[in-house]
Protein chains: 2
Amino acid sequence: MQKTAVEKSNDPIAAQLAPVGRETVQDRVYLELRRALIGGLFEPSQVLTIRGLADALMTSTMPVREALGRLITEKALEALPNRSVRVPPITLERMDDLLRARILIEGEAIALAATRMSPRQVSVIESMLGEWDEMRALRHKKDVDREVTLNQRFHFEIYRACGSAVLIPMIESLWLQSGPCIRVAIYAFSEAGEVDTAHFHRGIVAALSVQDPTAAREALVADISRPFNFLRNKLQSEAASKGKS
Amino acid sequence: MQKTAVEKSNDPIAAQLAPVGRETVQDRVYLELRRALIGGLFEPSQVLTIRGLADALMTSTMPVREALGRLITEKALEALPNRSVRVPPITLERMDDLLRARILIEGEAIALAATRMSPRQVSVIESMLGEWDEMRALRHKKDVDREVTLNQRFHFEIYRACGSAVLIPMIESLWLQSGPCIRVAIYAFSEAGEVDTAHFHRGIVAALSVQDPTAAREALVADISRPFNFLRNKLQSEAASKGKS
DNA sequence: TTTTTTGATTTGTGATCACACTTGTATTGA
DNA sequence: TCAATACAAGTGTGATCACAAATCAAAAAA
């Protein structure tokens, strides 16, 4: 039998080295676009061009077009009949649809995680609460990006504990799709003097620390429903005032 | 404002014509690979090469590599660290994971559909039951492909009625992932003198015709659990007999 | 002034090529 | 005989080009 790289790992020197794992340009482009989408850096209905993105990312068109194709299949982007691609526009129906799916799937994931998380894992996410408070203390900076990132890390640290290799990619797809909405909602929050975001997260941590799946699910539903409800009200009132004019 | 093709549709002649919708080669390749995957034409752990598929599909490598990338992102295929791509192998954990996700999401979809399907729509899927009986009557032909296709049409006709543009792509992704498993299970069925498949589908139709979401969900769970349970028992007994030898 | 038409630019798609890496097979060495 | 090396074929990735369709701008016609 031929020796493979893995089998050579009993070598005392090689044992110290972690596999480097080649990362293709396409992967980097894909991850970068994902990050931008979840963070809401692109606004709804914005059209994206292959060459434009390739220039911005300083690469050729090839990795970009493949990354765009992947994002289209997970409904993070939308292919128009003109063959141009845009980030999907926000509609009330789509928002409700997304929220319902997120409640269903992320609720299930956190319920599973609640029964499986070790106290060690709970303490990890609990420490992220502290990071939140720090950030809140020096709020002068416009750290909406950091807040989005921290929120993402918080949630996915929990979801990872559910132990399902099938659910997690679906949740990622849902975040990708609701990213633009969320960003709009967060902007609306900061305009309208926000409520305490961390309150809901404390509820989640409390439920997880006592391994209560039902309470964890309810706390999560309250957490993820909030921006959607806020945005829904905003859109409805805008539509009403526009109808009057 | 400049007239677009859509706005010209008030033209009395053009109003009769449906938009033709250009289909790219990449789309055809993607759909063809999807069909093969859901139908289980590729076996688990089989590796696929870009040039090989391009030759088989009689096109260049370009559409194939983009289609493969898309299938990898929806976990229908797997990218190995060697950068070769294969259809994911079957494991017990993955099967249970897939089944749980399918029960969760397809159960929700059919419960939604139960409250929304018109009698007209129910009669459509009821007529598909008859098609099934016909097929069963002249069973001499090896029509496992037709059975898979009919089963797919039956289920998605229902799911389409749930009215969720978010859930349906997720279900498609789940079918894509469980396709290879299902095919193996169906082969095992036909070996082991199968039970009446249509029985479960009659239960689904019955529940839908009286708009009972709970009964519809239960009937669906029974239907989709069957091949998974069968395959799980098969794998476990194989593992046991292999452990003995 | 408004509409249509014409031309130029931009854009996505598919094909082809170069390069690097992997894999499989001989060939050489002990 | 067996293991290691070297060579060759195969494979994925990224870049570039050609082509067709779409978009946009200006000019011409109403």
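Reader: How do the residues of the surface near DNA strand C divide into nonpolar, polar and charged?
Author: In this predicted model, that surface has 4 nonpolar, 10 polar and 3 charged residues.

Reader: Which residues come nearest to strand C?
Author: There are 17 residues around DNA strand C, and I50(A), T24(B), V25(B), Q26(B) and S60(B) come nearest.

Reader: And which elements give two or more residues to that surface?
Author: From chain A they are α2 (50–57) and α3, and from chain B they are α1 (25–38) and α3.

Reader: Turning to DNA strand D, which residues come nearest there?
Author: Of the 17 residues around DNA strand D, the nearest are T24(A), V25(A), Q26(A), S60(A) and I50(B). At least two residues of the surface near strand D come from each of α1 (25–38) and α3 (61–73) of chain A, and α2 (50–57) and α3 (61–73) of chain B.

Reader: What is the make-up of the surface near DNA strand D by class?
Author: The surface near DNA strand D has 4 nonpolar, 10 polar and 3 charged residues.

Reader: By what turn and shift can chain A be laid on chain B?
Author: A turn of 180° with a shift of 0.0 Å along the axis lays chain A on chain B, with an RMSD of 0.0 Å. The relation is therefore that of a two-fold axis.

Reader: Which C-alpha of chain A is nearest the axis?
Author: It is the C-alpha of R70(A), 2.4 Å from the axis. The same surface serves both copies, as 100% of the contact residues of chain A recur in chain B.

Reader: How many residues does the contact take from each chain?
Author: The contact takes 20 residues from chain A and 20 residues from chain B. On the side of chain A that touches chain B, the elements giving two or more residues are α3, α4 (92–116) and α7 (167–191) of chain A. The largest share, 6 residues, comes from α4(A). By class, this side of chain A has 9 nonpolar, 4 polar and 7 charged residues.

Reader: A change of topic: at what angle do the axes of α1(A) and α3(A) cross?
Author: The two axes cross at roughly 50° and come within 8 Å, which means that α1(A) is oblique to α3(A). The crossing of α1(A) and α3(A) is right-handed.

Reader: Which residues of the two helices meet?
Author: In α1(A), V25(A), Q26(A), V29(A), Y30(A) and L33(A) meet residues of α3(A), namely P63(A), V64(A), E66(A), A67(A), R70(A) and L71(A). The contact of α1(A) with α3(A) has 8 nonpolar, 1 polar and 2 charged residues.

Terms used:
Residues are numbered from 1 along each chain as its sequence is written. Chains are lettered from A and ligands numbered from 1 in the order in which they are written. This is a predicted model: local features need pLDDT of at least 70, side-chain atom pairs count only at pLDDT 80 or more; totals for chains, interfaces and linings use all residues. A residue is near a molecule or strand if its C-beta atom, placed from the backbone, lies within 6 Å of it. Helices (H or I, at least four residues) and strands (E, at least two) are DSSP runs, numbered from the N terminus. Ala, Val, Leu, Ile, Met, Phe, Trp, Tyr, Cys and Pro count as nonpolar, Asp, Glu, Lys and Arg as charged, and the others, Gly among them, as polar. Copies are superposed by least squares on the C-alpha atoms of residues with pLDDT of at least 70 in both. Two residues are in contact if their C-beta atoms, placed from the backbone, lie within 7 Å. Axes are lines fitted to C-alpha atoms, for helices over the stretch in contact, and angles run from 0 to 180 degrees between N-to-C directions. Angles under 35 degrees count as roughly parallel, over 145 as roughly antiparallel, 65 to 115 as roughly perpendicular and the rest as oblique. A crossing is left-handed if the near helix is turned anticlockwise from the far one by less than a right angle, and right-handed if clockwise.
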